[in-house]
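Dear colleague,

I am handing over a structure that you have not worked with before, and I would be glad if you kept it open while reading. My notes on what was found follow directly below it.

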Amino acid sequence: MGLMYLMVVVLLAASGYSYFDNNERRLHVINFCAAVLTAGCSLIIAYLVSANNVVLGEYVYIDAISAVLLLAIGILALSGVTVSVEYLRRENLPVRKKGQYYFLLQLFILSMILVVILDNAGLTWVAIEATTIVSALLVVFHLSRQSLEAAWKYVIICSIGICFALLGTILLYYAQVNAVGAETATLNWQSLRVAAPIFEPKLAVLAFLFILIGYGTKAGLAPMHTWLPDAHSQAPAPISALLSGGLIATAVYALVRNVIIFKLVLQPAIWQGLLVFFSLLSIVIVIPFMYKQNDLKRLLAYSSIEHIGIITLGLVGDCYLAAYGMIFHILNHAINKSVLFYLTGEIILVFKTKHVSRITQLFSKTPKLGWLLFLGMASIVGLPPFSVFFSKLYILFGLMAGGRYVVAVVALLAIAVIFMLMLKTVMQMCCGGIGGEKMHSRPSPVVIAVATLMLLILLIMGLILPNPLQQLLHNAAIIIAG
């Protein structure tokens, strides 16, 4: 518990310090040190949970599911701050503006951590609302017309969604009060799970529908996804990485926690049917938008919507294999998509454009950047031996093991089409076309190093999982599958 409180205090201190300090060098050093400590604490806590199953406190509950998300956020915090240091050094901004960036960034990381460690459905909702407020200010950081429009759409749509989630949480509390009495109703995850079998089914259906729409909006499930491409494409590259890899994962986490409760009281046809609809729609709906997408960051944003659909299908499987693939895919997607946004940000800085048609011959113009982008794209579409391939495979096999062959086939066909579209796009950028934009600067060695290391992690996890991580994923899958 001491490590948890230390991490929270350090993030608050780094955020407050960044807002008032006007020394650029100190800003970079303080925030980098805070990120190192955050990642280190996350790693240690995940290891402790893998050995002891759960870490408990008065308001804190960290089981294997929380620990996997905490590990992902720790990795994103360290890589995101490292890339941000390099990003801000090359931005012609006042020191005050850079301090405000770090102030919001550390609060953003802290709010995501709070989502996955708080032992209360109501407090989790508050933390998710906090992520919306802070991340919206980061989306609009450059104060352009496009970023203002994207942030406005993000705030309006997600706020409506979060209101639905709040109403669902209130109904969930009312169901708990009716079941066990007001004196013992606490909205703690464990108490909700114990009381769930005696909830009023009709009230539970209504609560689940509101929570699914609410947190599904924040996660980017279709058709509530319309904010996501705009916000991810307009935010600074390190923030896009945190939005795609971390923010939507925390919304999925809240949804998973609630599904674990509701499936104890609802008929499978109800909760699985709703999840199948939203999941398949999220995977299929992005295909026409990706077909001739000329904005590289929007292409990656639509890819995130697809992967949220794949992750949610892991819940539909309702078996150990599907649950294992789902929690593994959350970790894989967080790492992989952050790498791609870091590389995309570097391409935009180097070529002064994010239009796919104007980025050509990367293999010859900048081989390191070109090969890393190619490998990152190959990983995200599911080419072996990267770990994304295996987590997708586990989810599809889990669906078939549960008898959902039609769902698995439809998902596989859609994934195959997206596979071809993504590889076609990256091959055009890396070795197709003639001319295109010239290089205006050299790629940053720091970004190249960070992307290389994170892709290496994905490769290692695809070849052999370390025992503590394997145990953590195993425990998480058991909790999810019930």
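Which residue lies over the face of phenylalanine 141, and at what distance from the ring centre? It is lysine 97, placed at 4.8 Å from the centre of that ring. Please keep in mind that this is a predicted model. A second charge of this kind is arginine 96, which lies over the face of tyrosine 19 at 4.6 Å from the ring centre.

Aromatic rings also meet one another here, and the count comes to 16 aromatic pairs. One of them joins phenylalanine 277 and phenylalanine 278 in an edge-to-face arrangement, with 5.2 Å from centre to centre and 70° between the planes. Within that pair, phenylalanine 278 is buried because its relative accessible area is 9%, under the cut-off of 20%, whereas phenylalanine 277 counts as partly exposed at 48%. Phenylalanine 389 and phenylalanine 390 form another edge-to-face pair, at 5.0 Å centre to centre and with 80° between the planes. Of these two residues, phenylalanine 389 is partly exposed with a relative accessible area of 25%, and phenylalanine 390 is also partly exposed, at 23%. In addition, Tyr320, Tyr324, Phe328 and Tyr394 form one aromatic cluster.

Tyr320 appears again on the surface, where it forms a nonpolar patch with Leu321, Phe397, Met400, Tyr405 and Ile478, and together they have about 540 Å² of accessible area. Helix 13 (320–351) and helix 16 (387–401) are the elements that give two or more residues to this patch. Phenylalanine 397 lies in helix 16, and with a relative accessibility of 41% it counts as partly exposed.

Helix 17 covers residues 405–431, and its length can be checked by a short calculation: at 1.5 Å a residue, its 27 residues should span 39 Å, and the end C-alpha atoms are 38 Å apart, so the two values agree. After this helix comes glycine 433, whose phi is positive, near 80°.

Finally, glutamine 471 is found in helix 19, which comprises residues 467–481. This glutamine 471 is partly exposed, with a relative accessible area of 34%. Although glutamine 471 and asparagine 53 are 418 residues apart in sequence, their C-alpha atoms are 9.5 Å apart in space.

With kind regards

Key. Residues are numbered from 1 along each chain as its sequence is written. This is a predicted model: local features need pLDDT of at least 70, side-chain atom pairs count only at pLDDT 80 or more; totals for chains, interfaces and linings use all residues. Side-chain values use heavy atoms; hydrogens and water are left out. Helices (H or I, at least four residues) and strands (E, at least two) are DSSP runs, numbered from the N terminus. Buried means under 20% relative accessible area, exposed over 50%, partly exposed in between (1.4 Å probe, protein chains only). Rings of Phe, Tyr and Trp (its six-membered ring) pair if their centres lie within 6.5 Å; planes under 30 degrees apart count as stacked, over 60 as edge-to-face and the rest as tilted. A charge sits over a ring if NZ of Lys or CZ of Arg is within 6 Å of the ring centre and within 35 degrees of the ring normal. The expected span of a helix is 1.5 Å times one less than its number of residues. Patches are made of residues with over 30% relative accessible area and no salt bridge: like charges are joined within 9 Å, nonpolar side chains (Val, Leu, Ile, Met, Phe, Trp, Tyr) within 5 Å. Accessible areas come from the Shrake-Rupley method with a 1.4 Å probe; for residues, only the protein chains shown count as cover. A salt bridge is a side-chain nitrogen of Lys or Arg within 4 Å of a carboxyl oxygen of Asp or Glu.
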